Amino acid sequence: MESIWSKTTKIPEKKTLIKENNFEIAVIGGGITGLLTAYLMQKNGKQVVVLEADRIGSGQTKNTTAKITSQHGRIYTSLLKDYGAEKARCYAMANQKAIEQYEEIIKKEHISCHFEWVNSYLYSREQENPIRREAEVASILGLHAYFTKKVNLPFPTKGAVCFEKQAQFHPLEFIKALADKLTVYEHTRVLKVKGNCLETNQGKIYAKHIVFATHYPFHNFPGFYFARQHQERSYVIAISGIPKWKDMYYSEDREGLSFRWFEDNLLIGGGGHRTGEITSMDGFSWLEKKIHSLYPDYTEVARWSAEDCITHDNLPFIGRYSLFHPNWYVATGLKKWGMTGAMVSARLLSDKICGHYNPYEKLFTPSRCHLIVSRKKLWSDVKHSIKGLSLGNFYFPFHNSRHLENGEAKIVRIGLRRYGVYKDSNGKLHKVSVKCPHLGCMLHWNPEELSWDCPCHGSRFDYDGKLLDNPAQTNTKASIE
């Protein structure tokens, strides 16, 4: 599977680290968050290096739908209730300002990336009152938002919130231009960080300040980010051959769909679920049925999936990594709003390291603790972790690989050991350890993407054990079980 962004843009390879070096600032992660952070700090006169484990943009950046929006689901009603008007307005202004800052950079650097201003609609096919309330709150907080029943969707709705002055673009075209202005080392995986020393698979880097922009932080202690958020999968299919209409749409409903256009292709998303817990109501198969019911004669152009970090209180963690490491910084938990979240993170971290005031710092600080708001998701994540760790250490299957059909995967017993075994269409067996190398939870099979996924913290591996998504840093291999 390859996203429409990967299909339409090729980024030249960058050099790999070949010797030890010293930098003022090291940014771990060559996605849009890491590259924007490095770019802004370099503009402030700082000496910055970006370390990327694979290729720049090879993580979640290439898999986004690339909506640059302050419309984040029915977030403002919740923020007003949980945090009050001041903090809710702070969140709204931070994300709306982020859209404007994209335009500023694109104009200043003359970047051609299909950037355009559009409206973004939050709609519902089930309830009108919650949508009306979201429109009222968003408007009160200072956003250009209003309730409407006039939408360009192929089905009836109860209504929608129209957010004006939103945008969309081509994310890989954007970061390709940014990366050309930065010092970037690809194929340089950071394995461990101690103080101001970053140990990579290519050697060591020393830096006064270190930024973790790896989507999900891999350094577990201190910080405990693995206990403060979980990950969810989302799916997208791009289609062509249908009449074009304008603007972006996102559904508030459990089984709703999201829409945006790129050139003559309509990107439709849906079927999301917690990583490691896929059902018949999730994934590409479910999304295909939905699309076919709307557009029976569509032509598929591309399909891909993404992974999002979800914090317990629905706000990102942006700031100092922990009280014990004052020179470490982090940006994670951006939910499904990674484009504006990346800009908010880059601006906040750049201001903090460069000694500038940022009005949004307290809202996103990783050291915050809101147990009343967080308690439900916290308890849910604790239960998932206990279950995953218990199965990872004590579950012993009775199945064996002889009973597998072609295209089927199960956790099986071979002798006194257990493995995750996938039998491909040619009858070949692919055997991996089912114990996640991150913290030891048991992996679950994802038949939609032919991968072994961790329901605790979201690490993913292909059927040969190759690492697909962090926080794990290594492959899972059959030889270790």
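A nonpolar core is a set of buried Ala, Val, Leu, Ile, Met, Phe, Trp, Tyr and Cys residues joined through side-chain atoms within 4.5 Å. Buried here means under 20% relative accessible area, while exposed means over 50% and partly exposed is in between (1.4 Å probe, protein chains only).

Before you start: this is a predicted model, where local features need pLDDT of at least 70, side-chain atom pairs count only at pLDDT 80 or more, and totals for chains, interfaces and linings use all residues. Residues are numbered from 1 along each chain as its sequence is written, and side-chain values use heavy atoms, with hydrogens and water left out.

**Exercise 1. Find the largest nonpolar core and look at one of its residues, Tyr-102.**

Step 1. The largest core holds 80 residues. Leu-36, Tyr-76, Tyr-102, Phe-169 and Phe-174 have the most contacts inside it.

Step 2. Now ask which helix gives the largest share. That's helix H4 (residues 85-109), with ten residues. Helices (H or I, at least four residues) and strands (E, at least two) are DSSP runs, numbered from the N terminus.

Step 3. Zoom in on Tyr-102. Leaving out residues up to four places away in sequence, Tyr-102 touches Ile-32, Leu-36, Ile-68, Phe-115, Phe-169, Phe-174, Met-339, Ala-342 and Met-343. A contact means heavy atoms within 4.5 Å.

Step 4. Don't miss the second, separate core: it has 23 residues, including Tyr-123, Ile-237, Ile-268 and Leu-287.

**Exercise 2. Work out how helices H2 (residues 32-43) and H7 (residues 283-294) sit in the structure.**

Step 1. Start with length. The expected span of a helix is 1.5 Å times one less than its number of residues. H2 has twelve residues and runs 16 Å from first C-alpha to last, close to the expected 16 Å. H7 also has twelve residues and reaches 17 Å, close to its expected 16 Å.

Step 2. Check burial in H2. Ten of its twelve residues are buried, so H2 is largely enclosed by the rest of the structure. Among them are Ile-32, Leu-36, Tyr-39 and Met-41. Just after H2 comes Gly-45, with a positive phi of about 85°.

Step 3. Do the same for H7. Its buried residues are Gly-283, Phe-284, Trp-286, Leu-287 and Ile-291. Seen down the axis of H7, they fall within an arc of 160°, so they line one face of the helix. (The arc is that of the directions from the helix axis to the C-beta atoms.)

Step 4. Look at both sides of H7. Strands S11 (229-240), S14 (265-274) and S15 (299-311) are among what covers the buried residues. The face turned away from the buried side carries the exposed Lys-289 and Ser-293.

**Exercise 3. Sort out the charged residues, from salt bridges to a lysine without one, Lys-335.**

Step 1. Set the rule: a salt bridge is a side-chain nitrogen of Lys or Arg within 4 Å of a carboxyl oxygen of Asp or Glu. By this rule, there are 26 salt bridges.

Step 2. Try Arg-303 and Glu-288. Their closest N and O atoms are 2.2 Å apart. Arg-303 is in strand S15 and Glu-288 in helix H7, so the pair, 15 residues apart, links distant parts of the chain.

Step 3. Try Asp-313 and Arg-368, whose closest N and O atoms are 2.7 Å apart. Asp-313 sits in the loop between S15 and S16 and Arg-368 in the loop between H9 and helix H10 (371-394), so the pair ties together parts 55 residues apart in sequence. Both residues are buried.

Step 4. Now for Lys-335, in the loop between strand S17 (325-332) and helix H8 (338-354). Lys-335 is buried yet has no salt bridge, and the nearest side chain of opposite charge, Glu-232, is 8.0 Å away. For charge, Lys and Arg count as positive and Asp and Glu as negative; His and the chain ends are not counted.

**Exercise 4. Pick out the backbone oddities at Pro-222, Phe-224 and Asn-314.**

Step 1. Recall the usual pattern: most residues other than glycine have a negative phi, and most peptide bonds are trans.

Step 2. A cis peptide bond joins Phe-221 and Pro-222, with omega about -10°. Pro-222 lies in the loop between strand S10 (203-212) and S11.

Step 3. Phe-224 has a positive phi near 55°. Asn-314, not a glycine either, has a positive phi of about 70°, and its place is the loop between S15 and strand S16 (317-322).
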